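Dear colleague,

I am passing on the structure below, together with some notes on what turned up when I went through it. Please have it open beside you while you read.

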Amino acid sequence: SFWPKQLKFTKSLERQLAEAMQPLVYLAVRGWLGWIQFVERSRRAFLNSSLVLVAAGAVHCWAVVYSLFVAVHTRAMRFSGYHQGNSEQLPQSVALTETLAVSSLWVWLIAGFTTAAVRMLDEDADGLPLGSEDLKWGPILRFIRSPFLHSALGHAHSVSCLGLFVSIIFLCATMATMKGGITVCESCLAIVAVGFAFPHMILAGRRLSDAADQALSEVLPEDSFEAAAAEAAAIGPQLCVILSLADAPGHAYWWQNIVYTLSSMAFIAAVVASARSPAKIANIALPPEKGETFVCLGMDATTALSIIMSYPHLNTWFLRIGVVAVIGCAVAAQYSPVREIYLDWLEPIFVIRSDSHKRVPNQQRQLLRMISWSAAIVCAVVALWDIALHPLALASTAAEATR
């Protein structure tokens, strides 16, 4: 399991297994959404708004936090005797960060489900009026359509994203100060994690403070942080998970360290280039390029395979049934009646796409993005090779964590 049983003594093995599979669920959902976007790329695209980026960023941040927990626990197993059941071997900040991350996720879940419920109730009340009485809004309808409720839900998403960002900072600091010294792979993980979380933190802070939004707008290009957050979310979470698992054996050849370092530097360069020259303005809907779509899908699949290879106890019939279900949903998306059902679920954020001329070209930005994608793919392949080369060490690590 990725989570230490020392922090919650009452966890059952089944609950640990469910939590360990959470990155797989996340990867499956984002892979399915990426495929839907690819199939519908000529007609629809996801809305590029700060609210959507912050709401989705909270989920991405959760995956990054998860990968940092993996790195912290793996370090403890290697150097601190954590596998012997001594909870004192873990820094106190780990338990604090777990509480903060879980609380932030609950805020996001409550805000998300409330938003969905508000939407359904609002749609049910939009029928054609049959009389003058139907034109009067009741107290419930007035409340769900009030600006106060929608503003509160948007702020809740921002607060959850900020909480997860703080969790990332705490975990990076913990990883840097733990016994054993930080490795090159762990350093790269911290760089990617902070590079991913920073633009999301700024977006969340801007939504909470109009003064901060105005101050940043005066000194930075318009829509810069939206573009940076979108670029960081494309491959950042997967790269974090891969780097955390690649370091499980506790060593790496010099050329592996070079690959990991180059991939993290290329990722940061692509995020900065996107911030300096945004490819599209906010509040429009343009699909990602074909190359980006296939890179993201490839990273999703490679990351999932890395998790399964690192933790063989996850390879159960439940997992295999889930894989078949995901593939079945993707194949069903080729058929229009099924696709219409998907579109009805995603309609508020998966809208009619904008014209292609609204995409802003920039050769330098595009070159850096392509280098980042290529470096990430190479990093994933190298990590898979290392995981396959040391299966016994990884399997024993997983076994110790579930004792």
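To begin with one residue of this predicted model, Ser-354 is in contact with Ile-284, Ala-285 and Leu-286, once its neighbours within four places in sequence are left aside. Ser-354 sits in the loop between β2 (350-352) and α14, and because its relative accessibility is 16%, under the 20% cut-off, this serine counts as buried.

Turning to the nonpolar interior, the largest core holds 62 residues, of which Leu-68, Ile-168, Ile-235, Leu-243 and Tyr-260 touch the most other members. At least two residues of this core come from each of α3 (50-79), α4 (92-124), α6 (147-177), α7 (184-208), α9 (224-246), α10 (254-276), α11 (290-310) and α14 (363-389), and α3 gives the largest share, with 13 residues. Apart from this core lies another, of 13 residues, which includes Val-241, Leu-245, Ala-304 and Leu-314.

As for Tyr-260, the residues that it touches, not counting those up to four places away in sequence, are Cys-185, Cys-188, Leu-243, Ala-246, Ala-252, Cys-379, Val-382, Ala-383 and Asp-386.

Finally, α11 has 21 residues and spans 30 Å from its first C-alpha to its last, which is close to the 30 Å expected at 1.5 Å a residue. Among the buried residues of α11 are Val-295, Cys-296, Met-299, Thr-303 and Ile-307, as well as Glu-292 and Asp-300. Ala-304, also buried in α11, is one of the members of the 13-residue core.

With best wishes

Terms used. Residues are numbered from 1 along each chain as its sequence is written. This is a predicted model: local features need pLDDT of at least 70, side-chain atom pairs count only at pLDDT 80 or more; totals for chains, interfaces and linings use all residues. Side-chain values use heavy atoms; hydrogens and water are left out. A nonpolar core is a set of buried Ala, Val, Leu, Ile, Met, Phe, Trp, Tyr and Cys residues joined through side-chain atoms within 4.5 Å. Buried means under 20% relative accessible area, exposed over 50%, partly exposed in between (1.4 Å probe, protein chains only). Helices (H or I, at least four residues) and strands (E, at least two) are DSSP runs, numbered from the N terminus. Contact means heavy atoms within 4.5 Å. The expected span of a helix is 1.5 Å times one less than its number of residues.
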